[in-house]
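Reader: I should like a close look at one part of this model, namely the aromatic rings and what surrounds them. Please take the contact between a charge and a ring as the starting point, and treat the backbone last.

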Amino acid sequence: MEKEQLFEKRMIELSKNAYYRCILTFSDFLDLNELHKLHSLPLKQYGVKVETFGGHAFAERQMAAFIPDAFFFSQEYPISCICIRPSMEKFAENLTHRDYLGAILNLGIERSKIGDILVEDKKAYIFCHNSLCEFLMNEICRVRHTTVVPSIIENKEEFPSVKLQKVTGTVSSVRLDSVTALAFSTSRSSILPLIEGKKLFVNGKNIVSNAYHLKEGDIVSVRGKGKYRFDGTTNLTKKNRYHVEVSRYC
């Protein structure tokens with residue numbers, strides 16, 4: 001059975017379990033492609049509604065909650081957050097998202113059990129399934145050549161969130177390629193291969209047309225570059241160019 005069919009079967013299975021047992025069911029962390037597929041499935045016919053969350057506002061990787069009709073959703077998502085700090089910051093390497101993810105996956109953990117990884121200065125915040133907390137706390141002791149110390153963020157209100165950097169400029173139109181080039185300070189020609197390579201997502205939906213026009217509030221994710229929010233246009237210049245604002249995630 002193909003991967004897409006297995007995914008669809010799993011989402012339907014979770015929906016049916018939620019409905020017939022009248023309980024909340026949760027998926028693992030879903031990536032942008034999977035979130036897009038999830039929202040295209042007719043799950044309402046199975047008597048559930050679907051909500052998603054990844055531990056912080058604008059999370060890229062999110063869990064899906066399958067909620068039976070007339071069910072009051074009060075249970076928290078089974079998401080924990082672990083902060084990883086160097087034991088001696090003075091001698092710590094400049095570690096990247098890839099370094100932290102590699103250290104985790106090398107422990108034999110499935111990628112679907114790990115959500116976003118937010119890197120901030122010399123530390124990282126790892127969103128993960130609750131069931132992995134104890135294991136990660138015991139096993140993560142080194143990232144590359146840096147000795148690290150993990151700690152659990154107990155209060156979910158203290159979970160970190162992404163920081164936004166305001167970017168402004170003018171574009172000939174609010175097409176996806178033009179605005180994305182502005183957001184990442186690059187050329188439109190460098191964005192086209194990313195679009196053709198199915199690496200651009202708008203609100204979790206893969207977009208393969210550079211002529212796609214953005215709407216205010218759209219969240220655009222670009223694999224390998226990052227994410228931004230299109231905040232809209234402010235005015236039209238004398239040369240008929242749009243002055244736009246975007247918020248890029250740091």
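Author: In this predicted model, Lys227 is placed over the face of Tyr249, at 5.6 Å from the ring centre. That distance satisfies the cut-off, because a charge over a ring must be within 6 Å of the ring centre.

Strand β13, which spans residues 226-236, also holds Tyr228. The ring of Tyr228 pairs with that of Phe184: the centres are 5.8 Å apart and the planes stand at 75°, so this is an edge-to-face pair. Phe184 itself belongs to the loop between α5 (176-183) and α6 (188-196). The contact therefore joins distant parts of the chain, with 44 residues separating Phe184 from Tyr228. Both Phe184 and Tyr228 are buried.

The structure holds five aromatic pairs. Another of these is formed by Phe127 and Phe159, whose ring centres lie 5.6 Å apart. Their planes meet at 75°, and planes over 60 degrees apart count as edge-to-face, so the pair is assigned to that class. Here too the pair links distant parts of the chain, 32 residues apart. Phe127 is in strand β6 (residues 123-129), whereas Phe159 is in the loop between β8 (146-152) and β9 (164-171). As for burial, Phe127 has a relative accessibility of 0% and Phe159 a relative accessible area of 13%. Each is classed as buried because the limit for that class is under 20%.

Ring pairs also join Phe26, Phe53 and Tyr77 into a cluster.

The backbone remains to be considered. Most residues other than glycine have a negative phi. Asp121 is not a glycine, yet its phi is positive, at about 55°. Asp121 is located in the loop between β5 (114-120) and β6, and β6 is the strand that carries Phe127. With a relative accessibility of 71%, Asp121 counts as exposed, while Phe127 is buried.

Cys22 likewise has a positive phi of about 55° without being a glycine. Its setting is the loop between α1 (3-21) and β1 (25-30). Cys22 has a relative accessibility of 48%, so it is partly exposed: the exposed class requires over 50%.

Notes
Residues numbered from 1 in each chain as written. Predicted model: local features only at pLDDT ≥ 70, side-chain atom pairs only at ≥ 80, totals over all residues. Heavy atoms only, no water. Phe/Tyr/Trp six-rings, centres within 6.5 Å; stacked < 30°, edge-to-face > 60°. Helix = DSSP H or I, 4+ residues; strand = E, 2+ residues; numbered from the N terminus. Buried < 20%, exposed > 50% of the residue type's maximum accessible area, 1.4 Å probe, protein only. Lys NZ or Arg CZ within 6 Å of the ring centre and 35° of its normal.
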